[in-house]
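Take a look at the sequence and the structure below before reading on. Then we can walk through a few parts of the fold together.

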Amino acid sequence: MTTSTALLTDRYELTMLAAALRDGTASRPCVFELFSRRLSGGRRFGVLAGTGRLLSLLRDFRFGDDELRYLRDAHVVDAETLRHLEDYRFSGSINGYREGELYFPGSPVLTVEGSFADAVVLETLALSVLNHDSAVATAASRMSIAAGERPLAEMGSRRAAEESAVAAARAAYIAGFGSTSNLEAGRRWGIPTMGTAAHSWTLLHDTEEDAFRSQIASLGVDTTLLVDTYDIRTGVETAIRVAGTGLGGVRIDSGDLPIVAGEVRARLDELGAVHTRITVTSDLDEYAIAALAASPVDAYGVGTSVVTGSGYPTAGMVYKLVARQDGTGSWISVAKASTDKGSRGGRKAAFRTLADGVAVAETVAVSDGFEELDLASEHPDGRALQVPLVVAGEIDTAYEGAAGTASARAHHLRVREELPVRALALSKSDPAIPTTFVEAI
């Protein structure tokens, strides 16, 4: 095994490359665009996530000896293509929406510019990262909105593949979750980690009281005790008897949560534990969280729903060629015209129009040429959405690692404040703001 990401790729990308090298079109300058035709599940906005991860993976997009040997032995491409791949380094440029940004149907969230040979091989990697992470982030943002000021913890590692779990924890954190149970996500991305004990801890001991006493001896009185292994009311009483009224919290993982939470709060208060927090963690999604808004709950732990996009595990993004040079060096717009799967040709620039700080429209200027599109000067009420991520092969490191993750989180929480009130509803509807395409002047 190597650290190369080059074979996280569909075969047809390399067979297209081989054919283009053969017919001389591999060097044609091209513009590829990554966008979503529609928002999954009738949601009112999407959240872009995965950009920082993609940039790091792009750095390792190299065909080493192991990768080249596999391609040769499996007869995937010919000798000329193998020689080309041996020296492959992405030398083009990439711009896109900042990670954590909101997007809508048709938003050009990533634009890849370079030769056909440079850009075509990045399709699968870009889509696999952004489709997964954006789906998680969109679901997580909806949950964060439903939770209001109450903290959310991501706890879904056991419901996802190992690396997907790490990526999901990062995407959820960007979109408003405050912590994760996944230690690798904590190490890699600087996300706060949390966790105390599962039901197996209580079942290990002869009595629930023994388990609680041992946990407090190990973790201190500010820990959270899981009180629903047996009888919840008895569990609460045992927890306070053992820990005292200064117990940090109790966790409920079963039952009719609005009713149970109310009963637990009442019993805690009766026992004098008025500051003991209640965390609930039972198959929550954005709808269950919203239903608990009036309940005496202090925090939520979400697992399966957030790491699977709450029923929509992909953002449905696509990667399409939208402009290229012809044989004379002139730029032309190209587009797919298939029914229900068409694309819009041309190089694009995007901005969001605000009125009194509230987003009212997303405007995308389309150019058949290759001139710079300066929307900011033409639309002073607009906020430019695209930033340079890679320039002539050089990756902007500001978007990577723990610092990039923290920056994406801050950006998301800031731009989410621009959403109109109707965008905050959980019901299915049209996108919260319209996307308008205009011809560049």
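What follows is a short tour of a predicted model, taken one region at a time.

## The seven-strand sheet

Let's start with an open sheet of seven strands. Its order is S13-S12-S1-S5-S3-S17-S18, and the pairing is antiparallel. At the edges sit strand S13 (331-333) and strand S18 (394-395), each of which pairs on one side only.

Inside that order, have a look at strand S1 (residues 29-36) and strand S12 (residues 317-325): they are joined by seven bridges in the antiparallel sense. One pair to pick out is Ser-36 with its bridge partner in S12, Met-317.

## Helices on the sheet

Helix H6 (residues 123-147) packs on this sheet, where it touches S1, S5 and S12. The direction of H6 makes about 140 degrees with that of S12.

Another helix to find is H2 (residues 51-59), which lies across strand S3 (93-97), strand S5 (110-115), strand S17 (386-391) and S18. H2 runs at about 15 degrees to S17.

## A strand with two partners

Now move to strand S14 (residues 347-355). Is this strand largely enclosed or largely open to the outside? Seven of its nine residues are buried, so S14 is largely enclosed by the rest of the structure.

S14 pairs with strand S15 (residues 358-367) in the antiparallel sense, over nine bridges. Along that pairing, Ala-349 has Ala-365 in S15 as its bridge partner. The two strands form a hairpin with two residues between them, and in the turn Asp-356 has a positive phi of about 55 degrees. S14 also pairs with strand S16 (residues 382-384), again in the antiparallel sense, this time over three bridges. There, Arg-352 of S14 stands opposite Arg-383 in S16.

## Helix H10, inside and out

Next comes H10, a helix of twelve residues. At 1.5 Å a residue it should span 16 Å, and its end C-alpha atoms are 16 Å apart, which agrees. Which residues of H10 are buried? They are Glu-208, Ala-211, Phe-212, Gln-215 and Ile-216. These buried residues cover an arc of only 130 degrees around the axis, which puts them on the same side of H10. It helps to remember that an α-helix has 3.6 residues a turn, so residues three or four places apart point the same way.

What covers the buried residues of H10? The cover includes helix H9 (199-204), strand S8 (224-226) and helix H11 (232-243). On the other side of H10, Ala-217 and Ser-218 are exposed.

## Where H10 ends

Helix H10 covers residues 208-219, and Leu-219 belongs to it. Leu-219 has a relative accessibility of 47%, so it counts as partly exposed. From Leu-219 to Val-242 it is 23 residues in sequence and 14 Å in space, going from C-alpha to C-alpha. Just after H10 comes Gly-220, with a positive phi of about 95 degrees.

## Two helices side by side

Last stop: helix H7 (residues 162-174) and helix H16 (residues 401-415). They pack at an angle of about 40 degrees, and their axes are 8 Å apart. H7 and H16 are therefore oblique to each other.

Which residues meet here? From H7 there are Arg-170, Tyr-173 and Ile-174, and they meet Thr-405, Ala-408, Arg-409 and His-412 in H16.

Terms used: Residues are numbered from 1 along each chain as its sequence is written. This is a predicted model: local features need pLDDT of at least 70, side-chain atom pairs count only at pLDDT 80 or more; totals for chains, interfaces and linings use all residues. Side-chain values use heavy atoms; hydrogens and water are left out. Buried means under 20% relative accessible area, exposed over 50%, partly exposed in between (1.4 Å probe, protein chains only). Helices (H or I, at least four residues) and strands (E, at least two) are DSSP runs, numbered from the N terminus. Two strands pair if DSSP finds at least two bridges between them. The expected span of a helix is 1.5 Å times one less than its number of residues. The arc is that of the directions from the helix axis to the C-beta atoms. Contact means heavy atoms within 4.5 Å. Axes are lines fitted to C-alpha atoms, for helices over the stretch in contact, and angles run from 0 to 180 degrees between N-to-C directions. Angles under 35 degrees count as roughly parallel, over 145 as roughly antiparallel, 65 to 115 as roughly perpendicular and the rest as oblique.
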